[in-house]
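Got a minute to walk through a fold together? Pull the coordinates up and keep them in view.

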Amino acid sequence: MMTVVFWNLENFFEDKPHFNDKCNGIAKTLMMIADSQGRMPDLISLAEVGNRNVLVKLLYRTVLYKYGYGIIHYDSPDKRGIDCALLYRKDSISVTSSRPCHLCDSVGTPMNTRDILLVQFLFKSDSLQRPSAILVNHHPSKVGEGSASRRRAAMDRMNAICDSLENTGCHRILCVGDFNDNLWGPFLQGTIKYNGRWEKIDGYFARGLELSETVFTAPHLITEDSKFGGTKPWRSFSGPRYLGGISDHLPIVISIR
């Protein structure tokens, strides 16, 4: 079994106060996920990453330094300066290629948003050494005029990449990410709470893989929702005000059999 995590880390920037606390909170969560799965995650896919340096500090200034993760990150044209990234266990994953895939609107103009990160790899435990791929997504937000068309363009781009991979012989494909749409309806556990309602906007699509998914939660990831009742993800900031949490999203954990 292989374990994949996706997590939107909510403005994971080095210049934010309490950066070290956030790194330690992320590492603590990943260790708890490892306890629940019986192994450290093989792939950790991330959104809202400020730059490569925050990933270096996450891996080498926390307990994660013990586990031999590699980093794949490219700067994107996003106007907020946030990117997608992938951390991979070098002892279980052999990366064969990686690249950022730009998004364009309906007339072919590049969008100032997050690229889709494409990484092709081999599972070292697979005796047949079949090629696999992961696409890390963070689709455009719902804010602003034309936002729905930008998200459709992102989904079309993702599906076109998958089609191209299959045409070149890669038939084991996992697409993970924050899709900024409640694509899975009200029947599954949510990953974010908006105006008092849980929504599942973080998830996956897969081709040629048998897998299962859970939304991971723990006491240090949630807090009381004083406005709407119940609980909500414990975010890091509300505007400039530090709240003490890690992210306004809960991570998802995918087990590949």
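What follows is a short chat about this predicted model.

Visitor: In what order do the five strands of the open sheet run?
Guide: The pairing in this sheet is mixed. β5 (93–101) and β11 (202–207) each pair on one side only, which puts them at the edges. From one strand to the next the twist averages 15°. Reading across, the order is β5-β6-β7-β8-β11.

Visitor: Which residue in β7 stands opposite V119?
Guide: Strand β6 covers residues 116–123 and β7 covers 132–138. The two run antiparallel, joined by five bridges. Opposite V119 you'll find I134.

Visitor: What angle does helix α3 make with the direction of β6?
Guide: Helix α3 spans residues 147–167 and packs on the sheet. It touches β5, β6, β7, β8 (172–178) and β11. Its direction relative to that of β6 comes out at about 30°.

Visitor: Which residues touch the most other members of the largest nonpolar core?
Guide: That core holds 53 residues. Take L55: leaving aside residues up to four places away in sequence, its contacts include F12, I71 and L87. A second, separate core has 18 residues, C101 and F179 among them. For the largest core, the names you want are F12, L55, L87 and I134.

Visitor: Is G185 buried or exposed?
Guide: G185 sits in the loop between β8 and β9 (192–194). E199 is 14 residues away in sequence, yet the C-alpha to C-alpha distance is 7.7 Å. The relative accessible area of G185 is 18%, and the cut-off is under 20%, so G185 counts as buried.

Terms used:
Residues are numbered from 1 along each chain as its sequence is written. This is a predicted model: local features need pLDDT of at least 70, side-chain atom pairs count only at pLDDT 80 or more; totals for chains, interfaces and linings use all residues. Side-chain values use heavy atoms; hydrogens and water are left out. Two strands pair if DSSP finds at least two bridges between them. Helices (H or I, at least four residues) and strands (E, at least two) are DSSP runs, numbered from the N terminus. Axes are lines fitted to C-alpha atoms, for helices over the stretch in contact, and angles run from 0 to 180 degrees between N-to-C directions. Contact means heavy atoms within 4.5 Å. A nonpolar core is a set of buried Ala, Val, Leu, Ile, Met, Phe, Trp, Tyr and Cys residues joined through side-chain atoms within 4.5 Å. Buried means under 20% relative accessible area, exposed over 50%, partly exposed in between (1.4 Å probe, protein chains only).
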